[in-house]
Amino acid sequence: MLDYSNNDGSWELQTSASTYTCSQLFTNIPVAKNNNRLKQHFHGWFIEYDQPAFDPNKAMLMDFSAADGKGFTFFYVLPFDANKALIECTFYSSETLSTDAYEKELQAYILHHFGAGFKIAHTESGSIPLIEEKPATTLANHYLIGQSAGMIKASTGYAFQRMTEDAALIAASMRKQLQRRKRHARFRFYDRLLLCIIRENPEKAVSIFKQLFKRQSITEILTFLDEDSSLMDEIKIFLQLPWWPFIKRIWKVL
């Protein structure tokens, strides 16, 4: 799509092939470029070994063991079977790295944890803007979806499940009043606090995440990160985390 405009209640979409009209418009327009915006950027390898190297029943969501002196950085390991896995390095910063820099980190991590003898089947990379502000309001019959609708969780970059749930609600309610995935304001507040810590003191943010994974079950963690937890659940989690890094920054995000 090259451009779109509203004409007497109908939407007109201009593409390189033709021009289309519709009564309802759903868009996911990329966020305007902001070089100072914090990003979650990553590079991953889908690797294969001739011999078993992974436990297919275990995934590593956030491994901070290689993050010393590199800011808020972690690896994750997603096994597909005993011989194949996706291994990815993830960084939080306003600037992305060169491909060589990512691959140097991946090579060192894989050799240290799983050894040599692997082959790279595929690669993937990306950069997710960690957007803290509320989505912009739109005109009648124009609905933001995906990134533009705030479906990326700012503190973690989690998006797929949130976008899927929102899309399912939209599809199910097309013949009724449009429903959207609801997000309580307190979760946006939590994200702003955590991103503030990541920007100002990434080492402390690493420590907070380590304690989060150490002291909570994986079910409790994922429920919280998916924003499906109750306020009481969240209070129990926060009581087991260092409170001072959050308290000292509240005034900055209010």
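This section describes helix 3, the two largest pockets and three buried residues of a predicted model.

Residues are numbered from 1 along each chain as its sequence is written. In this predicted model, local features need pLDDT of at least 70 and side-chain atom pairs count only at pLDDT 80 or more, whereas totals for chains, interfaces and linings use all residues; side-chain values use heavy atoms, with hydrogens and water left out.

Helices (H or I, at least four residues) and strands (E, at least two) are DSSP runs, numbered from the N terminus. Helix 3 comprises 16 residues (residues 185-200). At 1.5 Å a residue the helix should span 22 Å, the expected span being 1.5 Å times one less than the number of residues. The end C-alpha atoms of helix 3 are 23 Å apart, which agrees. The buried residues of helix 3 are R186, F187, R188, Y190, D191, L193, L194, L195, C196, I197 and I198, where buried means under 20% relative accessible area, exposed over 50% and partly exposed in between (1.4 Å probe, protein chains only). Their cover includes strand 8 (84-93), helix 4 (202-215), helix 5 (218-225), helix 6 (231-238), helix 7 (244-247) and helix 8 (250-253).

Pockets were located on a 1 Å grid over the protein atoms alone; a pocket is an open set of points with protein on both sides within 12 Å along at least five of seven lines, and lining residues have an atom within 4 Å of a point. Grid points are joined across faces, edges and corners, and a volume is the space filled by probe spheres set on the points. The largest pocket holds about 610 Å³ of space. It is lined by 22 residues, of which Y76, T156, G157, Y158 and A159 are the closest to its centre. At least two lining residues each come from strand 5 (39-49), strand 6 (60-63), strand 7 (73-79), strand 8 and helix 2 (160-172), and strand 7 gives the largest share, four residues. The lining of the largest pocket consists of 14 nonpolar, five polar and three charged residues; Ala, Val, Leu, Ile, Met, Phe, Trp, Tyr, Cys and Pro count as nonpolar, Asp, Glu, Lys and Arg as charged, and the others, Gly among them, as polar.

The second largest pocket has a volume of about 430 Å³. Of its 24 lining residues, Y190, L193, F238, L241 and F246 are the closest to the centre. Helix 3, helix 4, helix 5, helix 6 and helix 7 each give two or more residues to this lining, with the largest share, five residues, from helix 3. By class, 19 of the lining residues are nonpolar, two polar and three charged.

S229 lies in the loop between helix 5 and helix 6 and counts as buried at 8% relative accessibility. Its side chain makes a polar contact of 2.7 Å with the side chain of E234; a polar contact is a pair of N or O atoms within 3.5 Å, of which, within protein, one must be able to donate a hydrogen and the other to accept it, and residues adjacent in sequence count only if both atoms are side-chain atoms. Beyond its neighbours within four places in sequence, S229 is in contact (heavy atoms within 4.5 Å) with R186, F187, T223, F224 and E234.

H142, in strand 10 (residues 142-144), is buried with a relative accessible area of 7%. The side chains of H142 and T27 are joined by a polar contact of 2.8 Å. A154, in the loop between strand 10 and helix 2, is buried at 2% relative accessibility. Leaving aside neighbours within four places in sequence, A154 is in contact with L130, I131, D191 and L195.

How values were computed
1 Å grid on protein atoms, 1.4 Å probe; cavity = no way out; pocket = protein on both sides within 12 Å on 5 of 7 lines; lining within 4 Å.
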